[in-house]
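Look at the sheet and its surroundings in the model below. This report goes from a strand to a pocket, then to a loop and a ring pair.

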Amino acid sequence: MAAGELLSEADRLALDRSIRLAEQSCRFEFSVYVGPSEGDDTRAWATRLHNRLVAPARSVLVLVDPRRRVVEVVTGGEVRRHLTDAEVELAVLAMSSEFASGSLLAGLQRGIAMLADHARPQNTLHA
């Protein structure tokens, strides 16, 4: 996680706890990048970062570029089986709402929790 100077040490620890809870909840890996994107295409930059993760197929990357006011969420192939584009859009909307009110940490925590909740595999009963 790269959080730059926008999050205090206490905020980074709180965010790390939120990430661990999300990972335990849905069994996928979460990464957060807060900082400047390289190049003009923030989606391409987020995708490159996601592809560098240890297990990109089982990972979710949340990129926030505060300077550009951009939020990108990249999901791996296995994650996409459980998490729809509409659910990702809802999480991005929730994060953006918190960011607009001045709370970077709360926005990240809320978005990560929503993504994890939606990505959690459904419990099924087998006969």
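In this predicted model, strand 3 (70–75) sends its side chains two ways. Val70, Glu72 and Val74 point one way. Val71, Val73 and Thr75 point the other way. In a regular strand the side chains alternate between the two faces of the sheet. Both sets in strand 3 are buried. With six of its six residues buried, strand 3 is largely enclosed by the rest of the structure.

What is the partner of strand 3 in the antiparallel pairing? Strand 2 pairs with strand 3 over six bridges. Asp65 stands opposite Val70 of strand 3. The two strands form a hairpin, with four residues between them. Arg69 sits in the turn and has a positive phi of about 60 degrees.

The hairpin residues Asp65, Arg69 and Val70 return in the lining of the largest pocket. Rolling a probe the size of a water molecule over the atoms shows where empty space is left. The largest pocket holds about 260 Å³ of space. Its lining also includes Leu6, Val64, Pro66, Val71 and Leu104. Strand 2 (59–65), strand 3 and helix 4 (85–100) each supply at least two lining residues. Helix 4 gives the largest share, with four residues. By class, the lining divides into nine nonpolar, one polar and two charged residues.

Asp65 also leads to a loop residue, Ser37, which it touches. Ser37 lies between strand 1 (29–34) and helix 2 (42–51). Is this residue buried or exposed? Ser37 counts as buried, because its relative accessibility of 6% is under the 20% cut-off. Beyond four places in sequence, Ser37 touches Thr42, Trp45, Leu63, Asp65, Arg67 and Arg68.

Trp45 brings in the aromatic rings. The count comes to one aromatic pair. A pair of aromatic rings is described by the distance of the centres and the angle of the planes. The rings of Tyr33 and Trp45 have centres 6.3 Å apart and planes at 75 degrees; an angle over 60 degrees counts as edge-to-face, so this pair is edge-to-face. Tyr33 lies in strand 1 and Trp45 in helix 2, so the pair ties together parts twelve residues apart in sequence. Both ring residues are buried.

Accessibility values for the loop residue and the ring pair follow.

| Residue | Relative accessibility |
|---|---|
| Tyr33 | 16% |
| Ser37 | 6% |
| Trp45 | 6% |

Technical notes: Residues numbered from 1 in each chain as written. Predicted model: local features only at pLDDT ≥ 70, side-chain atom pairs only at ≥ 80, totals over all residues. Heavy atoms only, no water. 1 Å grid on protein atoms, 1.4 Å probe; cavity = no way out; pocket = protein on both sides within 12 Å on 5 of 7 lines; lining within 4 Å. Points joined across faces, edges and corners; volume = space filled by probe spheres on them. Nonpolar A, V, L, I, M, F, W, Y, C, P; charged D, E, K, R; others polar. Buried < 20%, exposed > 50% of the residue type's maximum accessible area, 1.4 Å probe, protein only. Contact = heavy atoms within 4.5 Å. Phe/Tyr/Trp six-rings, centres within 6.5 Å; stacked < 30°, edge-to-face > 60°. Pairing = 2+ DSSP bridges.
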